[in-house]
Amino acid sequence: EPQNVLLDLQREQQRTIMFVSHDLEEALRIGTRIAIMEGGKVVQIGTPQEIISNPADDYVRAFFEGIDTSRYLTAGDLMQTDVVPLMKHGSQIDASSVSQALNGSADYAFVMDQERKIRGFVCRDAIGQASPEINLIECIQRTTPLDVVVSRVVNSRAPLPVVEADGSYCGSVNKTNVLKALTRHRGSHV
């Protein structure tokens, strides 16, 4: 397929390729940045995810009618940054520090080291333990596609940490984030 050849070339030679198309699905699949034009004027420029998540106007919004845009979303598009409290690894992790980190309402706190790497999580029932257990947890790369995120989140009792390529923490995803994204992006196509 010509698109695959183009993607291979781009990967191998690290060149910037400008590709003009009237097929939005093709543009979403092969473009790292997309410019949408109307009447010779650029209406919006951004990554596929940026344009899907924040269409500039009704003209851009109309482009996505009938397209299952959820296929182009990643963990980074779904994540929230301030929902799960963070605890420092290596400092005193005891019942009172867990209680303090959970701050009354949260059920989980991620345990993070000095390099912002996630070591695991503690949950609310650790408050009753003398030495709270740090549970291991799988991290999700920020660029992980939605279908993989769905299967991992569904099988996890806790929110999952989202990390950059170097493993540093940047946010979290949970079942609610995934459900909202699926509903918003597939709502008119299910």
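Strand 8 is mostly covered: five of its five residues are buried. The model is predicted. Strand 8 spans residues 169-173. This report starts there and works outwards.

**Strand 8 and its sheet**

Strand 8 belongs to an open sheet of three strands, in the order 6-7-8. The pairing in this sheet is mixed. Strand 6 (140-141) and strand 8 are the edge strands, each pairing on one side only.

Strand 7 covers residues 160-163. Four bridges join strand 7 to strand 8, and the two run antiparallel. Within this pairing, Pro161 stands opposite Ser172. Val163 has Tyr169 as its bridge partner. Five residues lie between the two strands in their hairpin. There, Gly167 takes a positive phi near 90°.

In general, side chains in a regular strand alternate between the two faces of the sheet.

**The nonpolar cores**

Which residues have the most contacts inside the largest nonpolar core? They are Leu78, Val149 and Val173. This core has 36 residues. Val173 touches Ala75, Leu78, Met79, Ile140, Val149, Val153, Pro159, Leu160 and Val162, leaving out residues up to four places away in sequence. A second core is separate and has 10 residues, including Ile93, Val98, Ala109 and Ala126.

In soluble globular proteins, nonpolar side chains tend to be buried together.

**Aromatic pairs**

The structure holds three aromatic pairs. Two of them are set out here.

| Pair | Centre to centre | Angle between planes | Arrangement |
|---|---|---|---|
| Tyr108 and Phe121 | 5.6 Å | 70° | edge-to-face |
| Phe110 and Tyr169 | 5.7 Å | 70° | edge-to-face |

Take Tyr108 and Phe121, which form an edge-to-face pair. Tyr108 lies in strand 4 and Phe121 in strand 5, so the pair ties together parts that are 13 residues apart in sequence. Tyr108 is buried, with a relative accessible area of 18%. Buried means under 20%, so Tyr108 qualifies at its 18%. Phe121 is buried as well, with a relative accessible area of 5%.

Now the other pair in the table. The ring planes of Phe110 and Tyr169 stand at 70°, so this pair is edge-to-face. Phe110 lies in strand 4 and Tyr169 in strand 8, so the pair ties together parts that are 59 residues apart in sequence. Both Phe110 and Tyr169 are buried. Tyr169 is also the residue that bridges to Val163.

**Asp113 and Arg119**

Where does Asp113 lie? Asp113 is in the loop between strand 4 (108-112) and strand 5 (118-123). Is Asp113 buried or exposed? At 14% relative accessibility, Asp113 counts as buried.

The side chain of Asp113 reaches two backbone nitrogens. One is that of Glu115, at 2.9 Å. The other is that of Lys117, also at 2.9 Å. Beyond residues up to four places away in sequence, Asp113 touches His89 and Arg119.

Arg119 sits in strand 5. Arg119 is partly exposed, with a relative accessible area of 40%. The side chains of Arg119 and Asp113 make a polar contact at 3.3 Å. Setting aside neighbours within four places in sequence, Arg119 is in contact with His89, Val111, Asp113, Ile134, Asn135 and Leu136. His89 is thus listed for Arg119 and is touched by Asp113 too. The C-alpha atoms of Arg119 and Met87 are separated by 10.0 Å, and these residues are 32 residues apart along the chain.

**Towards the start of the chain**

Strand 1 (residues 34-38) and strand 2 (residues 41-46) run antiparallel, joined by five bridges. Ala35 has Ile45 in strand 2 as its bridge partner. Two residues lie between the strands in this hairpin, where Gly39 takes a positive phi near 55°.

Helix 1 has 12 residues, 2-13. How far apart are its end C-alpha atoms? They are 16 Å apart. At 1.5 Å a residue, helix 1 should span 16 Å, so the two values agree. Just after helix 1, Gln14 takes a positive phi of about 50°.

Notes: Residues numbered from 1 in each chain as written. Predicted model: local features only at pLDDT ≥ 70, side-chain atom pairs only at ≥ 80, totals over all residues. Heavy atoms only, no water. Expected span 1.5 Å × (residues − 1). Buried < 20%, exposed > 50% of the residue type's maximum accessible area, 1.4 Å probe, protein only. Polar contact = N/O pair within 3.5 Å; in protein donor to acceptor, adjacent residues only side chain to side chain. Contact = heavy atoms within 4.5 Å. Phe/Tyr/Trp six-rings, centres within 6.5 Å; stacked < 30°, edge-to-face > 60°. Core = buried A, V, L, I, M, F, W, Y, C linked by side-chain atoms within 4.5 Å. Pairing = 2+ DSSP bridges.
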